[in-house]
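Colleague: Please take a close look at one part of this model for me, namely the salt bridges, and go through them pair by pair with the setting of each partner.

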Amino acid sequence: MNDQYYTADPTSESKPVPCAFPYRGYGLNFMTDAGVFSKGELDVGSRLLLDALPALSGDVLDIGCGWGAIGVAIAKANKRAKVTMVDVNRRALGLCQENCIRNGVTAEILESDGMAEVLGRKFDAIVTNPPIRAGKQVIYKMFADAAVSLNAGGALYLVIRKQQGAESCMKYLKTLFGEVEKLDKSAGFWVLKATEPKEVDTDEV
């Protein structure tokens, strides 16, 4: 694949493909495309992350939202959640807009490199299937930004493949958060929940 999904303007030819999956009693329907992560299907990591999430309410942020699988599913199943979705990929953001309409949900959708456009705001939950191909420095910056962007009692939820650095990721998260736990450990993935942010300087990440 020549195109990386973590890019503002994918150069791959647009080839829209539908995708559908159930989530907590709802049948969800999406449009996906080339140049966006997990074209045509809900990837295993996102499925595990969604299944591990508790009921969410308040302000919820989906970082690296792609075509909207996680953010739309959260908005559909959690009526008390106000969802914001961010991504650097403009094709992904267009799909998010369409997929919100398809599934009858409302969300704020922003073009953002990581959390750049929402820094200074506070969230009750931050959820991400991080763009591993973007590199450790990029995703660790996301985690550090998340740590300073949670309301009291808030949590960061993420999924990462064990062979792509889950153990070192968990170790790093423990430098940012007082509590880090595994919600699920299956299919080669770890779903992690991080709470109780510590005082950190995100400029050092």
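Modeller: Asp51 and Arg47 lie four residues apart in helix α1 (residues 44–52), which means that about one helical turn separates them. Helices (H or I, at least four residues) and strands (E, at least two) are taken here as DSSP runs, numbered from the N terminus. The model is a predicted one, in which local features need pLDDT of at least 70 and side-chain atom pairs count only at pLDDT 80 or more, whereas totals for chains, interfaces and linings use all residues. Residues are numbered from 1 along each chain as its sequence is written, and side-chain values use heavy atoms, with hydrogens and water left out.

The side chains of Asp51 and Arg47 meet in a salt bridge, with 3.1 Å from N to O; the term stands for a side-chain nitrogen of Lys or Arg within 4 Å of a carboxyl oxygen of Asp or Glu. Asp51 is partly exposed at 46% relative accessibility, and Arg47 also counts as partly exposed, at 23%. On this scale buried means under 20% relative accessible area, exposed means over 50%, and partly exposed lies in between (1.4 Å probe, protein chains only).

Helix α3 supplies a second within-helix pair, Glu98 and Arg102, which are four residues apart and so separated by about one helical turn. Their side chains form a salt bridge with an N to O distance of 3.2 Å. Glu98 has a relative accessibility of 33%, which makes it partly exposed, and Arg102, at 40%, is likewise classed as partly exposed.

A further salt bridge joins the side chains of Arg90 and Glu111, at 3.0 Å from N to O. This pair links distant parts of the chain, since Arg90 belongs to helix α3 (residues 90–102) while Glu111 belongs to strand β5 (residues 108–111), 21 residues apart. With a relative accessible area of 39%, Arg90 is partly exposed, and Glu111 is partly exposed at 39% relative accessibility.

These three pairs are among the six salt bridges that the structure holds. To keep them in order: Asp51 and Arg47 share helix α1, Glu98 and Arg102 share helix α3, and Arg90 with Glu111 connects helix α3 to strand β5.
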